[in-house]
Each structure stands twice: as C-alpha cells, then as structure tokens.
Amino acid sequence: MEFFRINKDIPFLRHAKIFNVISVLTFCLAAFFLFSKGLHLSIEFTGGTVLEVQYKKPADLEAVRKELGTLGYTDMQVQSFGTAQDVLIRLPVQEGVSTQQVSERVIGALKAQDDTVELKRVEFVGPQVGEELTHDGLMALGMLVIGIMIYLAFRFEWKFAVASIFANLHDVVIILGFFAFFEWEFSLTVLAAVLAVLGYSVNESVIVFDRVRETFRDRRYGKLPVVEVMNHAITRTISRTIITHGSTQLMVLSMFFFGGPTLHYFALALTIGICFGIYSSVFVAAAIAMWLGIKREDLLVPVKEKTENDGAVV
C-alpha cells in the first residue's frame with residue numbers, strides 16, 4: 001500500500017560519508033557516557049524492598065508516589081498489580097534500614113493517607129538477583145545479535161549481515177548512551193524496549209535489503225552503479241517506511257503521554273530507537289554494505305550448467 005509514489009530517486013547516499021562521520025561521533029559519545037557515567041539501574045537490578053498493598057477502592061497511584069516522596073524516596077516504582085485496588089511498590093536499598101523498618105514506615109504513611117489500605121506482602125530483593133538479571137539480559141542481547149547475523153547471512157549475503165549488525169549495535173549503544181547521559185532509570189521494561197528496537201531495526205534493514213536485491217535482479221536497474229541501485233531501492237520503500245513508523249510512533253507517543261511513569265521510559269527508549277532505526281537502516285546499513293563491495297553478482301542465484309547427460313533418457 002502506498003499513499004504516494006516518488007517517481008524520481010532521492011540521492012540518499014550522496015552524502016553518506018558525512019552522515020556516517022556524524023554516526024561515528026554520536027556512537028563514540030554514547031559509548032563514552034555509557035562507560036564513564038554508567039546506567040542508572042532500577043532496583044530490579046540493584047536490589048531493594050518490594051511491597052504489595054491493597055485498597056478498598058481503586059488506588060490513586062500519583063498520591064501514593066507523592067506520599068512516598070515525603071519519606072525521602074526518589075528512585076521508586078509504583079504500579080497497579082493485577083487489579084486497580086492492588087499496588088506494587090518497589091523501593092531501593094537504604095543503608096542501616098531493615099526491610100521491616102521500611103515496611104512499617106511505608107504502611108504507616110499510607111494509612112495516614114487512607115486507613116483502608118492493607119499490607120499484603122513484603123519481600124527483600126537482594127543484589128544477587130540483580131546480578132542474575134543483568135547477566136540474563138546481556139545473554140539475551142548477545143544471542144539476539146548472533147541470531148540476527150546468522151539469519152541475514154543466510155537470507156541475503158554476509159556483507160548485508162555485517163552491515164546490519166553494525167547498524168543495530170549503533171542504535172542500541174545510542175539508546176543506552178541517552179539513558180547514561182541523562183541518568184534516566186534503566187529497568188527491565190527499558191531492556192525489553194531495547195530488545196524490541198533491535199528486532200524493529202532489523203525488520204527495517206530487511207525491507208531495504210530485500211528491495212536492493214530485487215533492484216539488482218531487475219534488468220532495468222540491475223546494471224546501474226551500486227550507489228544508484230541503493231538510492232532507487234531506498235526511495236521505493238519511503239512510502240512504506242512513513243506509514244509503518246508513523247503509525248507505530250503514534251502508539252508509542254500515546255504510551256509516553258498517557259501511560260504514566262510505569263511506561264514513560266519504555267516509550268522513551270522506543271521513540272529513540274524508532275528514530276535512529278530509520279536513520280541507521282538508510283545511512284548506516286546501506287552505506288556499509290555499499291562500502292563492503294556489494295554487487296549484483298552477490299545476490300543472483302547461480303545458474304546450474306547443463307551437462308550432456310541432463311537430457312538423456314535412461
């Protein structure tokens with residue numbers, strides 16, 4: 001489906017070197033902030049106290065957050081748990097304060113606000129669990145990258161696989177760099193957004209590469225220089241890109257503005273990933289594939305030569 005068609009090819013790769021210099025600088029800055037400042041990990045990774053409380057009527061989550069803020073808690077998570085009456089509260093570790101003292105302070109403050117609230121359970125999440133989550137998250141990220149490379153190498157050609165991996169890692173590191181620089185909270189939901197961005201970016205690269213392969217096989221365009229083939233292929237996907245990414249971004253923005261604090265950073269990570277995913281698929285992945293020497297012969301199915309015995313009757 002196309003809402004509009006561009007008849008003249010847009011020279012996307014005319015200034016590919018300039019855009020890739022910008023990409024390298026952005027990538028290096030993101031990596032610098034990531035290693036120098038580190039990620040502001042949530043209590044899911046660092047450990048803390050988890051409380052489940054229940055109200056007689058639908059809970060006012062914002063009022064609960066304000067009440068906990070008066071107790072000195074800044075890095076906290078407050079969200080509905082199952083029903084509108086059940087609330088799950090995650091609080092960071094405090095030195096010299098036991099889990100029982102934390103639960104007593106919290107339930108006392110909440111009862112002063114609404115005496116119908118009841119404490120259902122309280123648990124302590126140790127940092128060892130956080131280390132396990134970090135390890136599992138990195139393993140999931142690594143396995144996803146390896147799987148993407150194998151898939152693209154089999155579906156297209158190894159040059160496309162290398163180009164796509166560089167583009168996807170470019171997107172991931174930049175997202176993490178934003179979270180490190182602005183000290184935004186990095187939680188499991190944000191990790192899920194990063195993994196989603198990887199798959200989303202790969203999908204965009206596959207669409208572009210698939211159109212590149214079709215263009216190389218087309219007799220009208222296949223003999224053109226590689227840069228013109230790339231520009232033609234990318235131009236032909238513009239309508240699809242605007243429709244897909246535009247509709248996706250509308251949904252993500254609705255989560256960003258109306259999803260509350262629980263989905264705020266999840267939607268923010270997706271927004272950064274979608275924007276850089278479009279950019280990297282065109283100016284990073286396509287340019288790297290071109291510089292690696294992709295050519296028409298790499299994407300054509302080899303023709304099997306007939307032998308004298310092929311037509312013989314046994």
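Eleven helices and six strands make up the secondary structure of the protein, as seen here in a predicted model. The radius of gyration is 26 Å, well over the 20 Å that the globule rule gives for 314 residues, so the protein is more spread out than a compact globule. Along the principal axes, the C-alpha trace spans about 90 × 50 × 40 Å. Of the 314 residues, 43% count as buried. The area exposed by the protein comes to about 17200 Å², and carbon and sulfur atoms supply 63% of that area. Contacts that link distant parts of the sequence are well represented: among contacts between residues at least 6 apart in sequence, 78% join residues at least 24 apart.

The strands offer a convenient place to begin a closer look. Strand β2, which covers residues 48-54, is mostly covered, with six of its seven residues buried. Two partners can be listed for β2. One is strand β4 (residues 83-92), which pairs with β2 in the antiparallel sense over seven bridges. Within this pairing, Leu51 has Ile89 of β4 as its bridge partner, and Val50 stands opposite Arg90 in β4. The other is strand β5 (residues 118-125), where the pairing with β2 is again antiparallel and runs over seven bridges. Here Gln54 of β2 is matched with Glu118, its bridge partner in β5. As a rule, side chains in a regular strand alternate between the two faces of the sheet.

Strand β4 also pairs with strand β3 (residues 77-81), in the antiparallel sense and over five bridges. Ser80 finds its bridge partner in Val87 of β4. The hairpin of β3 and β4 has one residue between the strands, and Gly82 takes a positive phi near 85° in this hairpin.

Turning to the interior, the largest nonpolar core holds 59 residues, and those touching the most other members are Phe160, Ile175, Phe186, Phe209, Val212, Met230 and Leu270. Helices α1 (16-36), α5 (127-155), α6 (158-181), α7 (188-217), α8 (226-236), α9 (238-258) and α10 (260-291) each supply at least two residues of this core. The most comes from α10, which gives 17 residues. Leu270 shows how such a core member is surrounded: leaving aside neighbours within four places in sequence, Leu270 is in contact with Ala193, Ala196, Val197, Val252 and Met255. A second core, separate from the one just described, has 17 residues, and Tyr55, Ala59, Leu91 and Val106 are among them.

Aromatic side chains deserve a paragraph of their own. The whole structure contains 16 aromatic pairs. In one of these, the ring centres of Phe178 and Phe182 lie 6.2 Å apart with their planes at 15°, so the pair is stacked. Phe178 has a relative accessibility of 29% and therefore counts as partly exposed. Phe182 is likewise partly exposed, because its relative accessible area is 43%. Both rings belong to one aromatic cluster, which is formed by Phe32, Phe33, Phe178, Phe179, Phe181, Phe182, Trp184, Phe186, Tyr265 and Phe276. Phe186 thus appears in this cluster as well as among the residues that touch the most other members of the largest nonpolar core.

Two further residues are worth pointing out on the model. Glu183 lies in the loop between α6 and β6 (185-186). Although Glu183 is not a glycine, its phi is positive, near 55°. With a relative accessibility of 53%, Glu183 counts as exposed, since the cut-off for that class is over 50%. Ile146 lies in helix α5. Despite being a nonpolar residue of the kind that can join a core, Ile146 is exposed, with a relative accessible area of 53%. Ile146 and Gly199 are 53 residues apart in sequence, and their C-alpha atoms are 12 Å apart in space.

Key. Residues are numbered from 1 along each chain as its sequence is written. This is a predicted model: local features need pLDDT of at least 70, side-chain atom pairs count only at pLDDT 80 or more; totals for chains, interfaces and linings use all residues. Side-chain values use heavy atoms; hydrogens and water are left out. A nonpolar core is a set of buried Ala, Val, Leu, Ile, Met, Phe, Trp, Tyr and Cys residues joined through side-chain atoms within 4.5 Å. Buried means under 20% relative accessible area, exposed over 50%, partly exposed in between (1.4 Å probe, protein chains only). Helices (H or I, at least four residues) and strands (E, at least two) are DSSP runs, numbered from the N terminus. Contact means heavy atoms within 4.5 Å. Rings of Phe, Tyr and Trp (its six-membered ring) pair if their centres lie within 6.5 Å; planes under 30 degrees apart count as stacked, over 60 as edge-to-face and the rest as tilted. The radius of gyration is taken over C-alpha atoms; the globule rule is 2.2 Å times the number of residues to the power 0.38. Accessible areas come from the Shrake-Rupley method with a 1.4 Å probe; for residues, only the protein chains shown count as cover. Two strands pair if DSSP finds at least two bridges between them.
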